[in-house]
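Hi,

Here is the structure I said I would pass on. Have a look at it first, and my notes follow underneath.

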Amino acid sequence: MDRAVHVLGGSPAQRVITHLQAGSTASVKTVVCKQNDFCRALTRKARIRGCRAAARATEDFRPKLADTRRASRIQLGSTRLKASAQEAPVGSQGILSDDGTCQVDDERVGVLLLNLGGPETLDDVQPFLYNLFADPDIIRLPSYIAFLQQPIARLISTLRAPKSAEGYKAIGGGSPLRRVTEEQATALQECLAELGQPAEVFIGMRYWNPFTEEAVQQIKQSRINKLVVLPLYPQFSISTSGSSLRLLEQLFKVDDYLLTMKHTVIPSWYQRPGYVQAMADMIEDERTKFPNPADAVIFFSAHGVPVSYVEEAGDPYRQEMEECVDLIMDELKLRGMDNRHTLAYQSRVGPVEWLKPYTDTTIELLGQTGVKSLLAVPISFVSEHIETLEEIDMEYRELAEESGITNWGRVPALGVNPVFIRDMADAVLESLPFVGSMSLPSETSLVPSGSVEDLLAAYDRERLELPPPVPVWEWGWTKSAETLNGRIAMVALSALLLLEAFSGEEGTIFRLFSN
Ligand SMILES: C=CC1=C(C)c2cc3[nH]c(cc4nc(cc5[nH]c(cc1n2)c(C)c5CCC(=O)O)C(CCC(=O)O)=C4C)c(C)c3C=C
Ligand SMILES: [Fe+2]
């Protein structure tokens, strides 16, 4: 079958040569290259192969590349070398024949699991926190004080580290996130193989080992040419999947191999039937452990985000979370369980307002209103971690008991639950037809104006055929007075933090961040 080939530049000679070496027929129409030797190599290779038309066509275009290191899009002439874009990954094997056709084969599928990462030892806690707070998607500073991001991250991570370390100590001295994510990767890889789709599964953590940068190197080494990016967060948030995708975008933008690799993103998957079913199964199991299961309040506790993310920046997190809870409750109702339920947000950090209701105040309130049985369901994450093992199992359980709740239960995180893993494998299989390389010339930013819609569009040209895009979030200043007030507060906060840091006294800000 003839397939259109689009070759993007970079490490150019090698690419074209690889492209010309094996395989069979496809046609090449457009070549985007960064450097002149790309064209030179193409010419040489075409000559060696006796492909005169191709040699002439590429030679003709060489002068256009002279004096420029910027990418250029070159139409190679429709009759000699035909190509339309976005179908053949660089690195795929192909041969260019005299009529300018070249076939592409050798599919190497990869799945990149994105996750947060967590400190593995107590010594890792402060540097892990530094990486987290240095992320502009976690602490969003106005552009004119963006240069303070790193000093602020250093300060807050130092202030918070003792409290965080206490939590990690209580759960065995480190986060289980890496181990669980590795188990999930292995299970997913095995499941995909069983389903007849061999794929290599990689892990890219945002703030700790194994870092996303390493995953990306492994993807290159494995010469993956079809990549499915799967953030391990069921619901999308700017602060989690958004941040990881933004980092990935930066890494892709500066790497020619990755820039042209076919890939797609599954931005969120809270609505997938397998995930909903797996959650309902786990809730059903734990519910039966209560003396009177029908009385247990099903208490969904999600990791919070600052309210400004949702109300100013358009983060779809709260909406996706509420829909997710509704879907799980619908499933439980279908199974004959009509328990009362509630959703609250935990783990707030720092002095700003976070999504409400807060988990702690809701537990107290439920206790005050006479609730005796409570089943906690961690909803925003699929692995055990500090927020489930320490915050829910220890802090909130204690608070529940103090509030008069006598029967406590907690649904485990999904981990390698087979229904869940199978659903993730299905999600990968379903996304494969949408895998396509990026269409944008490499000098253009892949995230043109920081909107998530554009970000996803850049990652997946077929996005519109996938479930509807998440709403746009805006960067920088907006005109609303509230935003302005928020920004001013942030500047004031930064100033206070610096003042406290220099004075060496523990003031309000210290207490806010270290609690
Ligand atoms: C959906 C999940 C998560 C969202 C949303 C999220 C936002 C978010 N988190 C912080 C600050 C911290 N998070 C920390 C740990 C942590 N966060 C998540 C998940 C989400 N975070 C997980 C799974 C973990 C635990 C990882 C582990 O080690 O087990 C921490 C460190 C722990 C602590 O000190 O409490 C901080 C700090 C912010 C500011 C934020 C949104 C802006
Ligand atoms: Fe967090």
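To get going: at what angle do helix α4 and helix α5 pack, and how far apart are their axes? Keep in mind while you look that this is a predicted model.

The angle between α4 (residues 125-133) and α5 (residues 149-170) is about 135 degrees, and the axes are 7 Å apart. Angles over 145 degrees would count as roughly antiparallel and those from 65 to 115 as roughly perpendicular, so this pair is oblique. The crossing of α4 past α5 is right-handed. If you want to click through the contact, α4 brings V125, Q126, F128, L129, Y130 and F133. On the α5 side, the residues they meet include Q149, A153, I156, R160, A161, S164 and Y168.

Now the wider view. The protein has 515 residues, and 57% of them are buried. Its secondary structure comes to 18 helices and 11 strands. Among contacts with a separation of 6 or more, 78% are between residues 24 or more positions apart.

Next, the nonpolar cores. The largest one has 61 residues, and the members that touch the most others are Y275, F300 and I379. Where does this core lie? It sits between domain 2 (92-117 + 175-270 + 417-462) and domain 3 (273-410), because both of them give residues to it. F300 is a good one to centre your view on: beyond its neighbours within four places in sequence, F300 is in contact with I283, V325, I328, M329, H341, T342, L343, A344, V377 and I379. So I379 turns up twice, as a contact of F300 and as one of the residues that touch the most other core members. There is also another core, apart from this one, with 23 residues. F128, L148, A153 and Y358 are among them. You have already met F128 and A153, in the contact between α4 and α5.

A few backbone details are worth a look too. Two peptide bonds are cis:

- N209 to P210, with omega about -10 degrees. P210 is in the loop between β5 (200-205) and α7 (212-221).
- K356 to P357, with omega near 0 degrees. P357 is in the loop between β9 (341-346) and α13 (359-368).

That second loop, between β9 and α13, also holds S347. S347 is not a glycine, yet its phi is positive, at about 65 degrees. R223 has a positive phi as well, near 50 degrees, and is likewise a residue other than glycine. You will find R223 in the loop between α7 and β6 (226-231).

Are these two buried or exposed, or somewhere in between? Buried means under 20% relative accessibility, so S347, at 6%, counts as buried. R223 is at 36%, so it counts as partly exposed.

One last residue to find is S244, in helix α8 (residues 238-253). Its relative accessibility is 1%, so S244 counts as buried too. Which residues does S244 touch, not counting those up to four places away in sequence? They are L114, N115 and R206.

That's what I found. Enjoy looking around!

Best wishes

Technical notes:
Residues are numbered from 1 along each chain as its sequence is written. Chains are lettered from A and ligands numbered from 1 in the order in which they are written. This is a predicted model: local features need pLDDT of at least 70, side-chain atom pairs count only at pLDDT 80 or more; totals for chains, interfaces and linings use all residues. Side-chain values use heavy atoms; hydrogens and water are left out. Helices (H or I, at least four residues) and strands (E, at least two) are DSSP runs, numbered from the N terminus. Buried means under 20% relative accessible area, exposed over 50%, partly exposed in between (1.4 Å probe, protein chains only). A nonpolar core is a set of buried Ala, Val, Leu, Ile, Met, Phe, Trp, Tyr and Cys residues joined through side-chain atoms within 4.5 Å. Domain bounds come from an automatic or database domain assignment. Contact means heavy atoms within 4.5 Å. Axes are lines fitted to C-alpha atoms, for helices over the stretch in contact, and angles run from 0 to 180 degrees between N-to-C directions. Angles under 35 degrees count as roughly parallel, over 145 as roughly antiparallel, 65 to 115 as roughly perpendicular and the rest as oblique. A crossing is left-handed if the near helix is turned anticlockwise from the far one by less than a right angle, and right-handed if clockwise.
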